[in-house]
Amino acid sequence: MRNFIQPGHNVTVPAPAAVASGDGVLVGSMFGIANGDAENGADVVLSMVGVYTMPKTPANDIAVGAAVYWNSSAGEVTSTASGNTRIGVAIAAAGAGVTTIRVRLNGSF
């Protein structure tokens, strides 16, 4: 196929802000995990699929299989859809008071 570029599991984009390896990064409606550190505007490789441990809004009680969203201003996963970007599903339960959650990223929706 002459027009194929890559599988798309990892993509390189300009960092929307300074990011550290492992940070969640939202570029438009595209969300991924930074593979390395990058300054604002520098190229950063984002992993778009896979399972990651991510920071979570401590007040949320999230069940296995629940849709999860990225709260860009807080830099954490939330169960609140309004004003946030859907990024995947929880693969383990994380109750109130828990500050991390395991998430399977679904790539851009």
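In this predicted model, the largest nonpolar core brings together 13 residues, and Met54, Val77, Ile87 and Val103 have the most contacts inside it. Strand 3, strand 6, strand 8 (85-90) and strand 9 (100-106) each contribute at least two residues to this core. Strand 9 provides the largest share, with three residues. A second, separate core is made up of 10 residues, among them Val11, Val19, Val25 and Leu46. As general background, nonpolar side chains in soluble globular proteins tend to be buried together.

Met54 is a good place from which to look around the larger core. Leaving aside residues up to four places away in sequence, Met54 is in contact with Phe31, Ile33, Trp70, Val77, Ile87, Thr99, Thr100, Ile101, Val103 and Leu105. Two of these neighbours, Phe31 and Trp70, also form the one aromatic pair that a search of the whole structure finds. Their ring centres lie 5.0 Å apart and their planes meet at 50 degrees, so the pair is classed as tilted. Because Phe31 belongs to strand 3 and Trp70 to strand 6, the pair ties together parts that are 39 residues apart in sequence. Phe31 has a relative accessible area of 4% and is therefore buried. Trp70 is likewise counted as buried, at 5% relative accessibility.

The framework around these residues is built from strands. The protein chain contains nine strands and zero helices, so that reading from the N terminus gives the succession β-β-β-β-β-β-β-β-β. The strands are described here sheet by sheet.

An open sheet of five strands is arranged in the order 5-9-8-6-7, with antiparallel pairing. Its edges are taken by strand 5 (49-55) and strand 7 (76-78); each has a single partner strand, so one side of each lacks a neighbour in the sheet. On average, neighbouring strands in this sheet are turned by 45 degrees against each other, direction ignored. Strand 6 (residues 67-71) runs antiparallel to strand 7, and three bridges join the two. Within this arrangement, Asn71 is found opposite Glu76 of strand 7.

Strand 9 of the five-stranded sheet also holds Arg102. Beyond residues up to four places away in sequence, Arg102 touches Tyr52, Thr53, Val89, Ala90, Ile91 and Ala92. Between the C-alpha atoms of Arg102 and Thr78 there is a separation of 12 Å, with their positions 24 residues apart along the chain.

An open sheet of four strands follows the order 1-4-3-2, again with antiparallel pairing. Here strand 1 (10-14) and strand 2 (24-27) occupy the edges, and each has a single partner strand, so one side of each is left without a neighbour in the sheet. From one strand to the next, the twist averages 50 degrees.

Strand 3 (residues 30-34) can be followed through its pairings in this sheet. Four bridges link strand 2 and strand 3 in the antiparallel sense, and Gly24 faces Ile33 of strand 3. These two strands form a hairpin with two residues between them, and Gly28 in the turn adopts a positive phi of about 65 degrees. Strand 3 is also joined by two bridges to strand 4 (residues 43-47), again running antiparallel. In that pairing, Ser47 of strand 4 is the bridge partner of Ile33. Ile33 thus has bridge partners in strand 4 and in strand 2, and is also among the residues touched by Met54.

What radius of gyration does the protein chain have? The value is 14 Å, which agrees with the figure near 13 Å that a compact globule of 109 residues would have. Taken along the principal axes, the C-alpha atoms fill a box of roughly 45 × 35 × 20 Å. Buried residues account for 32% of the 109 residues in the protein chain. Of the contacts with a separation of 6 or more, 45% are between residues 24 or more positions apart. The aromatic pair of Phe31 and Trp70 offers a friendly illustration of such long separations, since these residues lie in strand 3 and strand 6, in parts 39 residues apart in sequence.

Terms used:
Residues are numbered from 1 along each chain as its sequence is written. This is a predicted model: local features need pLDDT of at least 70, side-chain atom pairs count only at pLDDT 80 or more; totals for chains, interfaces and linings use all residues. Side-chain values use heavy atoms; hydrogens and water are left out. Two strands pair if DSSP finds at least two bridges between them. Axes are lines fitted to C-alpha atoms, for helices over the stretch in contact, and angles run from 0 to 180 degrees between N-to-C directions. Rings of Phe, Tyr and Trp (its six-membered ring) pair if their centres lie within 6.5 Å; planes under 30 degrees apart count as stacked, over 60 as edge-to-face and the rest as tilted. Buried means under 20% relative accessible area, exposed over 50%, partly exposed in between (1.4 Å probe, protein chains only). A nonpolar core is a set of buried Ala, Val, Leu, Ile, Met, Phe, Trp, Tyr and Cys residues joined through side-chain atoms within 4.5 Å. Contact means heavy atoms within 4.5 Å. The radius of gyration is taken over C-alpha atoms; the globule rule is 2.2 Å times the number of residues to the power 0.38.
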